Amino acid sequence: MRVTFVHADGKGRTEADAHAGDVLLDVAQAHMMPLEGTCEGQMACSTCHVIVAKEDFDRLPEASEMEEDMLDLAAGVRRTSRLSCQIVLTDDLNGLTVHIPAESRNMQGPR
């Protein structure tokens, strides 16, 4: 399965191979995308926020109330924003495209 990450500048793209059951945050970090995810999926932060492409957003399960609360703390939130730590990839999400917000921080250093 493939996931496309659109870089914060809107120009660059990274195509990533993934498997059903992978968490989007793990795939992003494996491909050096600037998403911190410092809370390790416990939704105590919003540093793994991504903007899901409009055409893909309805393929995702609905966000939990806790996730929506965490998104309220994220910078640059859009209508299709989600936490990448909460997106478990399924075969139905093959071809998913997400945008890295310009406000993202990168603990992994420059790309």
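Glu-65 is found in helix H3, which covers residues 65–71. In this predicted model, Glu-65 is exposed, with a relative accessible area of 64%. This residue also belongs to a group: Glu-62, Glu-65, Glu-68, Asp-69 and Asp-72 gather in a patch of negative charge on the surface.

Allow me to place that helix in the whole chain. There are 3 helices and 5 strands, and along the sequence they follow the pattern β-β-α-β-α-α-β-β. The chain has 111 residues, and buried residues make up 47% of them. About 6,100 Å² of the chain is exposed, with carbon and sulfur atoms supplying 48% of that area. As for how the chain folds back on itself, consider contacts between residues at least 6 apart in sequence: 65% of these join residues at least 24 apart.

I turn now to the charged pairs. Side chains of opposite charge can pair when their charged atoms come close. How many salt bridges does the structure hold? The count is 4.

Let us begin with the pair of Arg-2 and Glu-15, a salt bridge whose closest N and O atoms are 3.8 Å apart. This pair links distant parts of the chain, with Arg-2 in strand S1, residues 2–6, and Glu-15 in strand S2, residues 13–17; the two are 13 residues apart. Arg-2 is partly exposed at a relative accessible area of 35%, and Glu-15 is partly exposed at 42%. Asp-17 joins them, for Arg-2, Glu-15 and Asp-17 are linked in a network of salt bridges.

Next comes the salt bridge between Arg-82 and Glu-67, with the closest N and O atoms 2.9 Å apart. Here too the pair links distant parts of the chain: Arg-82 lies in strand S4, residues 81–83, and Glu-67 lies in helix H3, with their positions 15 residues apart in sequence. Are these two residues buried or exposed? Arg-82 is buried, at a relative accessible area of 4%, and Glu-67 is buried as well, at 2%. Helix H3 therefore carries both an exposed residue, Glu-65, and a buried one, Glu-67.

A further salt bridge joins Arg-59 to Asp-56, the closest N and O atoms being 2.9 Å apart. The two partners fall into separate classes of accessibility: Arg-59 is partly exposed at 31%, whereas Asp-56 is buried at 6%.

Both of those residues lead us to strand S5, residues 96–99, where Leu-96 is found. Leu-96 counts as buried because its relative accessibility is 0%, and the cut-off for that class is under 20%. Which residues does Leu-96 contact, leaving aside its neighbours within four places in sequence? They are Arg-2, Val-3, Thr-4, Leu-24, Val-52, Asp-56, Arg-59, Ile-87 and Leu-89. Arg-2, Asp-56 and Arg-59 are already familiar from the salt bridges. In the case of Arg-59, the separation from Leu-96 is 37 residues in sequence, and 8.9 Å in space from C-alpha to C-alpha.

Leu-89 and Ile-87 from that list also appear around Asp-22. Asp-22 lies in the loop between S2 and helix H1, the latter covering residues 24–30, and is partly exposed at 25% relative accessibility. Not counting residues up to four places away in sequence, Asp-22 touches Val-27, Ile-87, Val-88 and Leu-89. The C-alpha atoms of Asp-22 and Leu-89 are separated by 5.5 Å, although the two residues are 67 apart along the chain.

One backbone feature remains. Most residues other than glycine have a negative phi. Met-32 has a positive phi of about 60° although it is not a glycine. Where is Met-32 found? Met-32 sits in the loop between H1 and strand S3, residues 49–52. At 36% relative accessibility, Met-32 is partly exposed.

To close, I would ask you to keep two places in view. One is helix H3, where Glu-65 is found and where Glu-67 pairs with Arg-82. The other is Leu-96, buried in strand S5, with contacts that include Arg-2, Asp-56 and Arg-59.

Methods: Residues numbered from 1 in each chain as written. Predicted model: local features only at pLDDT ≥ 70, side-chain atom pairs only at ≥ 80, totals over all residues. Heavy atoms only, no water. Patch = residues over 30% accessible without salt bridge, like charges linked within 9 Å, V, L, I, M, F, W, Y side chains within 5 Å. Areas by Shrake-Rupley, 256 points an atom, 1.4 Å probe, with all protein chains shown as cover. Salt bridge = Lys/Arg side-chain N within 4 Å of Asp/Glu carboxyl O. Lys, Arg positive; Asp, Glu negative; His and termini not counted. Charge placed at Lys NZ, Arg CZ, Asp CG, Glu CD. Helix = DSSP H or I, 4+ residues; strand = E, 2+ residues; numbered from the N terminus. Buried < 20%, exposed > 50% of the residue type's maximum accessible area, 1.4 Å probe, protein only. Contact = heavy atoms within 4.5 Å.
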